[in-house]
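Work through the following exercises with the coordinates at hand, attempting each task before reading its solution.

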Amino acid sequence: MSKPFTGLSFCCTGVNSYDRKQLGERISALGGKFQVDLMSLVQYLVVGDRNTEKYKFCVRYRHDIQFISLSTVTDACNSWNSGKNIIVSKDLHPLPAFANFKICVARIDRPPEEELRKLMSERFRQPPKQAVPNVLPEDPFLLDSLASAVSKLGANVSQILSMSCNVVVATSVSGKRGEIAKQWNIPIVHPLWIYDSCLREAALHLQDYELSPQFNAYNSTSFVWKQLYLSRIFQEHNTQIADRLAERLLLKKKPEIWTSIMDSAHPLLTKEAPTDTWEESRNSDTESKEPDVVDDRTKSSLLEETQSTLFQGLSFLPIGLTVPEQNILRTVLESHQGKVITSSEDSDLTHVVMLVRNGPQTELMLLMFPSTIKHRINNKKVKIVTNWFVERSIFYNKLCDDMWARPMLGIVPLKIKRQVCITGFTGVELLHLEKLISYLNLEFCESLNAKRDLLVVNINLFKSSFSKSSPKLFEYRLKEVIDCPVYANGNSTQSVSTLSLKNKMIAAKKWGVPIVSVAYLWEMVAILEGQPNLMIPDIRDLQWCIFAPKSGTNSSKFMVSLSETPSILPNTDNMESSYSNVRLPSPKKFKDRKKYGRIFGRGESLLKKLQAARDLNDDADREPPSGGSSSQDFLTVGYGIEERAEKDKRLLAKLEGTGEKPTKRPRRASHKVEYLK
């Protein structure tokens, strides 16, 4: 037996810590959920004091919250512990609007009729007939009407002002009561506070109706009137439907009531027949009673048999789906006997479902799984599928675990958006191709014209002719991708789809629009997987190319963009040889060295320079030969100093290894030093 508070969420305000702790324990014991903070899922607010921020917020903005008292939850818990059955709609009765209030009703002056008409003609004060609350003052400025209404809603009414009063209802702050109320800090509010609180079925904030120069009786501080009235109308409508269903069930349970109603309603429909025919019909009726029961049973069994068992025994774990998407998936799978689980540690897990558009994030999403699930995935005990698996399986009425139903890691939006048309496809492949084109940042176009950039056709419509003229179209490695069904209608050569495809291909060739098979899109997805440069397949490959115009004036924008976008051939066996001829730049570039002027005309070695200096020293007394170079040219070799020439001669002898070690030259003093004895 389920607990009465199952699926309900509670919160409290104005309750001390001890009572709050007990309240949480009682709500949890009855199957509810106790929230410390006011969340959007909270349905019941346990009110201990109205002068709190939570209560003010709910009165103004939350029409879907019902206010209850602490004693209501306590009584429900005691009833449940005593063995009584609890009905939430009846036992959790709402908190009366003026409970724990002691109201002093002072002098109330009736406004002029025109002003009264304007006050009562405000839209929020005119609820629909179905949304009018049970207790509402007939006249908001009539003392007896106000006192009767607040008394029914839990307030204690008094005409004598005392310190125990919580509020004073009046139309003016003047007078003795007004002065005493100010001394005792008791708020004085307008009578419309009672009327509007009755409409809201909850006590509105006193400061919003307190008599002051800033008070405006035409405005409302609650912003939920429209939603509140609509919810009451729907609640009333649902209650009427429930009552009608209960009456019908009561009539079905008592057939004698139904018979008496029909006899009294249609007394002239019963006609007497001849005796022999009547007996025959009577016997036939008695004989047909048992078959009627059998027919009812067979109908119920047929209904059970017609219910699909496509996903029976399969458990699906959705990842990367929003809450509305999960609800739709759950509804679809459960209608076919499938099961949706919420934990990856469930031993019944057979499939992990993700969205097709989240294909590039597959590895990242699978990282959150524990190692046991990853081991089961590697052993193929748990399969990774997409939402297309569910759609294709339902369409073909069998489990379609093909390439269309697996995650596509290469669904990466292209940089250049081009217009693509498709033709010859039908069924679920047509739907999925449109989605695939949009996922690749390509624009799907229903009609073909000269401005289109690509035409994707179903080659199976011309399988016999394409097998002879272009056999490589059917040699694509993914056979299940190109094996798309065709729309068969009478003679295949004269069908509407065949003629339409033929005319579109003729027009595309005339306009220079490339024509490819569906394998081109699939190869694009395969190549984009892990490619940082967004490379696309070579459109002229015969595995998918049917027509590709030459570069020229009649070529499409897609062909022009191919020359600007890097393309890659599907055969990657010779990838290393293709890159071997490419000359890669050096990973490190040195700066240009500074250039200095040379002493000698040419870049010669030091040995040659010294030999030239020795020859110059030997031939110093000889005149330069006639017609040769002048002595000015030789002056550039050395400086013409004898001491430098001697040093060069010794260095040359040392380099050649023939000279003796030079004696150490004695140090010469620059001036004489006299020593003192």
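A salt bridge is taken here as a side-chain nitrogen of Lys or Arg within 4 Å of a carboxyl oxygen of Asp or Glu. The model is a predicted one, in which local features need pLDDT of at least 70, side-chain atom pairs count only at pLDDT 80 or more, and totals for chains, interfaces and linings use all residues. Residues are numbered from 1 along each chain as its sequence is written, and side-chain values use heavy atoms, with hydrogens and water left out.

**Exercise 1.** Determine which acidic residue pairs with Lys339, and state whether Lys339 is buried or exposed, or in between.

Solution. Applying the rule to Lys339, one finds a salt bridge with Asp348, whose closest N and O atoms are 3.5 Å apart. For accessibility, buried means under 20% relative accessible area and exposed over 50%, with partly exposed in between (1.4 Å probe, protein chains only). Lys339 has a relative accessible area of 38% and is therefore partly exposed, and Asp348, with 40%, is partly exposed as well.

**Exercise 2.** Locate the salt bridge of Lys435 and describe which parts of the chain the pair links.

Solution. The partner of Lys435 is Glu391, the closest N and O atoms being 3.8 Å apart. Helices (H or I, at least four residues) and strands (E, at least two) are DSSP runs, numbered from the N terminus. In these terms the pair links distant parts of the chain, since Lys435 lies in helix H16 and Glu391 in helix H15 (residues 387-396), 44 residues apart. Lys435 is partly exposed at 26% relative accessibility, and Glu391 is partly exposed at 27%.

**Exercise 3.** Find the salt-bridge partner of Lys118 and say how many residues separate the two in helix H5.

Solution. Lys118 forms a salt bridge with Glu114, with 3.9 Å between the closest N and O atoms. Because they are four residues apart in helix H5 (residues 113-120), Lys118 and Glu114 are separated by about one helical turn. By the rule used throughout, the count comes to 15 salt bridges, and Arg110, Glu113 and Asp139 are linked in a network of them.

**Exercise 4.** Give the strand order of the open sheet of five strands, and identify the strands at its edges.

Solution. Two strands pair if DSSP finds at least two bridges between them. The order is E14-E13-E15-E16-E18, with mixed pairing. Strand E14 (443-444) and strand E18 (545-547) stand at the edges with a single partner strand each, so one side of each is left without a neighbour in the sheet. Further in, E13 (residues 419-423) and E15 (residues 454-457) pair in the parallel sense over four bridges, and Thr423 stands opposite Val457 in E15.
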